[in-house]
Amino acid sequence: MLLPAAIARLKSDVPSLRLVGTLAEVDTDAVPSQVPAAYVLPIRDAAAPNRIAAGSHRQDLTEVFGVLLCVSKPAGRDKAALDLESLKDEVRQALIGWFPGDGWTGCDYVGGVLVDAKPGGIVWWLQQFSTSRQIIKHR
């Protein structure tokens with residue numbers, strides 16, 4: 001399973017994260033209980049056409065997942081941008097080239113985007129990564 005594997009990878013390889021969660025735990029209107037935080041979520045998937053004429057089914061499947069990062073600016077300091085840049089790099093280093101499991105390709109970095117910046121210093125940033133595998137059905 002891609003998303004649980006990505007969560008485990010972030011927990012083990014990005015020690016500066018104080019919280020790693022799932023889409024079900026995200027509330028961008030509130031400050032997470034611990035920051036910096038990361039939430040792993042599905043973004044999209046796309047499949048190539050079936051490559052077998054009859055009897056079986058095989059498609060290449062590319063899945064894009066996101067890592068939603070949350071950092072906060074300490075009171076009286078303009079450090080959130082520096083913390084975010086450092087955290088973005090740590091997450092990229094943990095995930096690029098990483099193989100989520102048997103049959104998956106190594107992850108590629110797709111890009112990132114600012115999601116929200118709250119007046120109190122909370123910054124939300126979404127990084128996207130992609131990986132591929134084959135889906136096969138034998139008849």
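Which residue in the hairpin of β4 and β5 takes a positive phi? In this predicted model, the residue is Gly121, with a phi near 100 degrees. The hairpin has 4 residues between its strands, and the two strands that flank these residues, β4 and β5, pair in the antiparallel sense over 8 bridges. Within this pairing, Gly112 has Gln127 of β5 as its bridge partner.

The chain contains 2 helices and 5 strands, arranged along the sequence in the pattern α-β-β-β-α-β-β. The C-alpha trace of the chain spans about 65 × 25 × 20 Å along its principal axes. Of the 139 residues in the chain, 38% are buried. Among contacts between residues at least 6 apart in sequence, 58% join residues at least 24 apart.

The 5 strands form an open sheet with mixed pairing, in the order β1-β2-β3-β5-β4. Its edges are formed by β1 (19-22) and β4 (108-117), each of which pairs on one side only. On average, neighbouring strands of the sheet are turned by 30 degrees against each other, direction ignored. In general, the strands of a sheet pair through backbone hydrogen bonds, in either a parallel or an antiparallel sense. Strand β2 (residues 37-47) and strand β3 (residues 56-72) are an antiparallel pair, joined over 10 bridges. One of the bridge partnerships links Ala38 to Leu69 in β3. Helix α1 (residues 2-13) lies across four strands, namely β1, β2, β3 and β5 (122-138). Relative to β2, helix α1 runs at about 145 degrees.

Gln127 is a residue of strand β5. Its relative accessible area is 0%, and Gln127 is therefore buried. The side chain of Gln127 reaches the backbone oxygen of Lys88 at a distance of 3.3 Å. With neighbours within four places in sequence left aside, the residues in contact with Gln127 are Phe65, Gly66, Val67, Leu69, Lys88, Val91, Arg92, Tyr109, Gly111 and Gly112. Two residues of this list recur in the bridge assignments: Gly112 as the partner of Gln127 itself, and Leu69 as the partner of Ala38.

Lys88, whose backbone oxygen is reached by Gln127, also takes part in a salt bridge through its side chain. The partner is Glu85, with an N to O distance of 3.0 Å. Lys88 and Glu85 are 3 residues apart in helix α2 (residues 80-95), so about one helical turn separates them. Lys88 counts as buried because its relative accessibility is 8%, under the 20% limit. Glu85, in contrast, counts as partly exposed at 43%.

The structure holds 3 salt bridges. Besides the pair in helix α2, a salt bridge is formed by Arg9 and Asp13, with the closest N and O atoms 3.2 Å apart. Both of these residues lie in helix α1, where the spacing of 4 residues corresponds to about one turn of the helix. Arg9 is partly exposed at 24% relative accessibility, and Asp13 is likewise partly exposed, at 36%.

The remaining salt bridge joins the side chains of Glu63 and Arg133, at 3.7 Å from N to O. Glu63 belongs to strand β3 and Arg133 to strand β5, so this pair ties together parts that are 70 residues apart in sequence. Glu63 has a relative accessible area of 18% and is therefore buried. Arg133, at 29%, is partly exposed.

No disulfides are present, the computed number being 0. A disulfide is, in general, a covalent bond between the sulfur atoms of two cysteines. Cys70 is buried, with a relative accessible area of 0%. Cys107 is also buried, with a value of 2%.

Methods. Residues are numbered from 1 along each chain as its sequence is written. This is a predicted model: local features need pLDDT of at least 70, side-chain atom pairs count only at pLDDT 80 or more; totals for chains, interfaces and linings use all residues. Side-chain values use heavy atoms; hydrogens and water are left out. Two strands pair if DSSP finds at least two bridges between them. Axes are lines fitted to C-alpha atoms, for helices over the stretch in contact, and angles run from 0 to 180 degrees between N-to-C directions. Contact means heavy atoms within 4.5 Å. Buried means under 20% relative accessible area, exposed over 50%, partly exposed in between (1.4 Å probe, protein chains only). A polar contact is a pair of N or O atoms within 3.5 Å; within protein, one must be able to donate a hydrogen and the other to accept it, and residues adjacent in sequence count only if both atoms are side-chain atoms. A disulfide is a pair of cysteine sulfur atoms within 2.5 Å. A salt bridge is a side-chain nitrogen of Lys or Arg within 4 Å of a carboxyl oxygen of Asp or Glu.
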